[in-house]
Amino acid sequence: MKEMDYKSVRKGNTQAGFNENASTWLFFELIVISFMIGGFTFNWIIGVAAFIILTALLFFKKTKKILLVLLTILATILGGILGGMFGGIIGAIVLGILFLLISGGLHIGAYEWTEDMN
């Protein structure tokens, strides 16, 4: 069996730190979405229930993948809307792609973190 060298350990620690930060971002997204749901329905109980349901979806592999893909698509759309407001169609495309890459990377890291926690 090959010994682990310091570079492998360092890379593993760096990746674990990134995944933990990505999970923080994921839970921030879930809280914001839950607040929005509670605000739109004018009922804080529905907002709390939405947070519990969204968090519960992270415990199952298939629903976790679907949720993370939907969140990435939502971030891409948000980036497109913001880019369109400030830079027209070119801004929408550029910011949409940027949001896609950033949120996709964060959601992959959050996925790996949830797998590590299971």
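Is N21 buried or exposed? With a relative accessibility of 55%, N21 counts as exposed, because the threshold for that class is over 50%. The structure described in this report is a predicted model.

## Residues of helix 1 facing helix 3

N21 belongs to helix 1. Its C-alpha atom lies 8.3 Å from that of G109, although 88 residues separate N21 and G109 in sequence.

S23 is also placed in helix 1. In contrast to N21, which is exposed, S23 is buried, its relative accessible area being 4%. Between the C-alpha atoms of S23 and Y111 the separation is 7.9 Å, and these two residues are 88 positions apart along the chain. When neighbours within four places in sequence are set aside, S23 is in contact with A110 and W113.

## Aromatic pairs

How many aromatic pairs does a search of the whole structure find? The search returns two. In one of them, the ring centres of W25 and F28 are 5.4 Å apart and the planes meet at 35°, so this pair is classed as tilted. The angle lies outside both the stacked class, which requires planes under 30 degrees apart, and the edge-to-face class, which requires over 60. Both W25 and F28 are located in helix 1, which spans residues 6-41, and they are three residues apart, about one turn of the helix. W25 is partly exposed at 36% relative accessibility, and F28 is likewise partly exposed, with a relative accessible area of 46%.

The other pair is formed by F27 and W113, whose ring centres are 6.3 Å apart; the planes stand at 85°, so the arrangement is edge-to-face. This pair links distant parts of the chain, since F27 is in helix 1 and W113 is in helix 3 (residues 61-117), 86 residues apart. F27 has a relative accessible area of 24% and is partly exposed. W113, at 21% relative accessibility, also counts as partly exposed. W113 is in addition one of the contacts of S23.

## H107 and the second largest pocket

H107 is a residue of helix 3. It is buried, with a relative accessible area of 3%. Apart from neighbours within four places in sequence, H107 is in contact with L26, E29, L68, L71 and T72.

H107 also contributes to the lining of the second largest pocket, together with K65, L68, V69, T72, G104, I108 and Y111. About 150 Å³ of space lies in this pocket. Its lining comprises four nonpolar, three polar and one charged residues. Y111, one of the lining residues, has the charged end of K64 over its ring, 4.9 Å from the ring centre.

## The largest pocket

The largest pocket holds about 410 Å³ of space. It is lined by 16 residues, of which W25, E29, L74, A75 and L78 are the closest to its centre. Two elements, helix 1 and helix 3, each give two or more residues to the lining.

Which element supplies the largest share of this lining? Helix 3 does, with ten residues. By class, the lining contains 14 nonpolar residues, one polar residue and one charged residue. Two of the residues closest to the pocket centre, W25 and E29, also appear elsewhere in this report: W25 takes part in the tilted pair with F28, and E29 is among the contacts of H107.

## Helix 2 and the preceding loop

F42 lies in the loop between helix 1 and helix 2. The phi angle of F42 is near 55°, a positive value in a residue other than glycine. F42 is exposed, with a relative accessible area of 78%.

G47 is found in helix 2, which covers residues 44-57. Is G47 buried or exposed? G47 is buried, because its relative accessible area of 8% falls under the 20% limit. Beyond neighbours within four places in sequence, G47 is in contact with S34 and G38. The C-alpha atoms of G47 and V9 are separated by 41 Å, with the two positions 38 residues apart along the chain.

Note on methods
Residues are numbered from 1 along each chain as its sequence is written. This is a predicted model: local features need pLDDT of at least 70, side-chain atom pairs count only at pLDDT 80 or more; totals for chains, interfaces and linings use all residues. Side-chain values use heavy atoms; hydrogens and water are left out. Rings of Phe, Tyr and Trp (its six-membered ring) pair if their centres lie within 6.5 Å; planes under 30 degrees apart count as stacked, over 60 as edge-to-face and the rest as tilted. Helices (H or I, at least four residues) and strands (E, at least two) are DSSP runs, numbered from the N terminus. Buried means under 20% relative accessible area, exposed over 50%, partly exposed in between (1.4 Å probe, protein chains only). A charge sits over a ring if NZ of Lys or CZ of Arg is within 6 Å of the ring centre and within 35 degrees of the ring normal. Contact means heavy atoms within 4.5 Å. On a 1 Å grid over the protein atoms alone, a cavity is a set of points where a 1.4 Å probe fits but cannot get out, and a pocket is an open set with protein on both sides within 12 Å along at least five of seven lines; lining residues have an atom within 4 Å of a point. Grid points are joined across faces, edges and corners, and a volume is the space filled by probe spheres set on the points. Ala, Val, Leu, Ile, Met, Phe, Trp, Tyr, Cys and Pro count as nonpolar, Asp, Glu, Lys and Arg as charged, and the others, Gly among them, as polar.
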